[in-house]
Amino acid sequence: MTLLKVWFFNNQVLSNPGLQSLVFWLLSAVLGAAIVRRLGILNYLEVFFIVIVWFLVDLFFDLIITSAYTGYKIFTSSDFWIVYLVLGLSVIFLHKKRHIQVRKEQHAHRHGHH
């Protein structure tokens, strides 16, 4: 995430700033969903814990690493703060849900599939 932020906030990657923000948010959402899905099946409490820890750790790395390349002006950008919302929502809605897995297991058990 840090590298993605440095690249998008330090360079004009696309000619349209609005499109650049949209692409940045989309890439962040996809990256966040891909990482959280690698963690396996999670319940919602675990997901909310992951979102909070991820926010705090990522904010710390942004303060230490990202701001070294982009300057502290990054913290005044709405695009910077919106990405945390987008990332959190993608993790919450796209993780492998424990309750769905339990239903699949119950369905398989009822129908003789083990």
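Visitor: What is the relative accessible area of W81 in this structure?
Guide: A caution before the value: this is a predicted model. Buried means under 20% and exposed means over 50%, with partly exposed in between. W81 counts as partly exposed, because its relative accessible area is 37%.

Visitor: And Y84, is it buried or exposed?
Guide: Apply the cut-off again: under 20% is buried. Y84 has a relative accessibility of 10%, so the residue counts as buried.

Visitor: Which helix holds both W81 and Y84?
Guide: The two residues are three places apart, which is about one helical turn. An α-helix has 3.6 residues a turn, so residues three or four places apart point the same way. The helix that holds W81 and Y84 spans residues 78-94 and is α4.

Visitor: Let us turn to the aromatic rings. How many aromatic pairs are there?
Guide: Two rings pair if their centres lie within 6.5 Å. By this rule, the number of aromatic pairs is eleven.

Visitor: What kind of pair do F9 and F24 form?
Guide: A ring pair is described by the distance of the centres and the angle of the planes. For F9 and F24 the centres are 5.3 Å apart, and the planes stand at 80°. Planes over 60 degrees apart count as edge-to-face. The pair of F9 and F24 is therefore edge-to-face.

Visitor: How many residues apart are F9 and F24?
Guide: F9 sits in helix α1, residues 2-10. F24 sits in helix α2, residues 17-37. Their pair links distant parts of the chain, and the separation is 15 residues.

Visitor: Are F9 and F24 buried or exposed?
Guide: Take F24: this residue is buried. The state of F9 matches, so that by the cut-off of under 20% both count as buried.

Visitor: What kind of pair do W81 and Y84 form?
Guide: Their ring centres lie 5.9 Å apart, with 40° between the planes. Stacked needs under 30 degrees and edge-to-face needs over 60. The pair of W81 and Y84 meets neither limit, so it is tilted.

Visitor: What do the ring pairs link W7, F8, F9, F24, F55, Y72, F75, F80, W81 and Y84 into?
Guide: F9 and F24 form one of the pairs. W81 and Y84 form another. Ring pairs link these residues, with the others you name, into a cluster.

Visitor: Now the charged residues. What is the relative accessibility of K5?
Guide: K5 lies in helix α1. The residue counts as buried, because its relative accessibility is 0%.

Visitor: How many salt bridges does the structure hold?
Guide: One joins the side chains of D58 and K5 at 2.7 Å, N to O. Another joins D62 and K5, with the closest N and O atoms 2.6 Å apart. The structure's number of salt bridges is two.

Visitor: How many residues apart are D58 and K5?
Guide: D58 is in helix α3 and K5 is in helix α1. Both are buried, with D58 at a relative accessible area of 4%. The pair links distant parts of the chain, with a separation of 53 residues.

Visitor: How far apart in sequence are the parts that D62 and K5 tie together?
Guide: Both D62 and K5 are buried. D62 lies in helix α3 and K5 in helix α1, so the pair ties together parts whose separation is 57 residues.

Visitor: Which residues do the salt bridges join into one network?
Guide: K5 bridges to D58. K5 also bridges to D62. Salt bridges that share partners therefore make one network of K5, D58 and D62.

Visitor: Against which helices do the buried residues of α1 pack?
Guide: In α1, the buried residues are T2, L4, K5, V6, F8 and F9. K5 is in contact with residues including F24, D58 and Y84. F24 belongs to α2, D58 to α3 and Y84 to α4. The buried residues of α1 pack against α2, α3 and α4.

Visitor: What accessible area does the nonpolar patch on the surface have?
Guide: Its members include F49, F60, L63 and Y72. L63, in helix α3, is partly exposed at 42%. Together, the residues of the patch have an accessible area of about 1000 Å².

Notes. Residues are numbered from 1 along each chain as its sequence is written. This is a predicted model: local features need pLDDT of at least 70, side-chain atom pairs count only at pLDDT 80 or more; totals for chains, interfaces and linings use all residues. Side-chain values use heavy atoms; hydrogens and water are left out. Rings of Phe, Tyr and Trp (its six-membered ring) pair if their centres lie within 6.5 Å; planes under 30 degrees apart count as stacked, over 60 as edge-to-face and the rest as tilted. Helices (H or I, at least four residues) and strands (E, at least two) are DSSP runs, numbered from the N terminus. Buried means under 20% relative accessible area, exposed over 50%, partly exposed in between (1.4 Å probe, protein chains only). Contact means heavy atoms within 4.5 Å. Patches are made of residues with over 30% relative accessible area and no salt bridge: like charges are joined within 9 Å, nonpolar side chains (Val, Leu, Ile, Met, Phe, Trp, Tyr) within 5 Å. Accessible areas come from the Shrake-Rupley method with a 1.4 Å probe; for residues, only the protein chains shown count as cover. A salt bridge is a side-chain nitrogen of Lys or Arg within 4 Å of a carboxyl oxygen of Asp or Glu.
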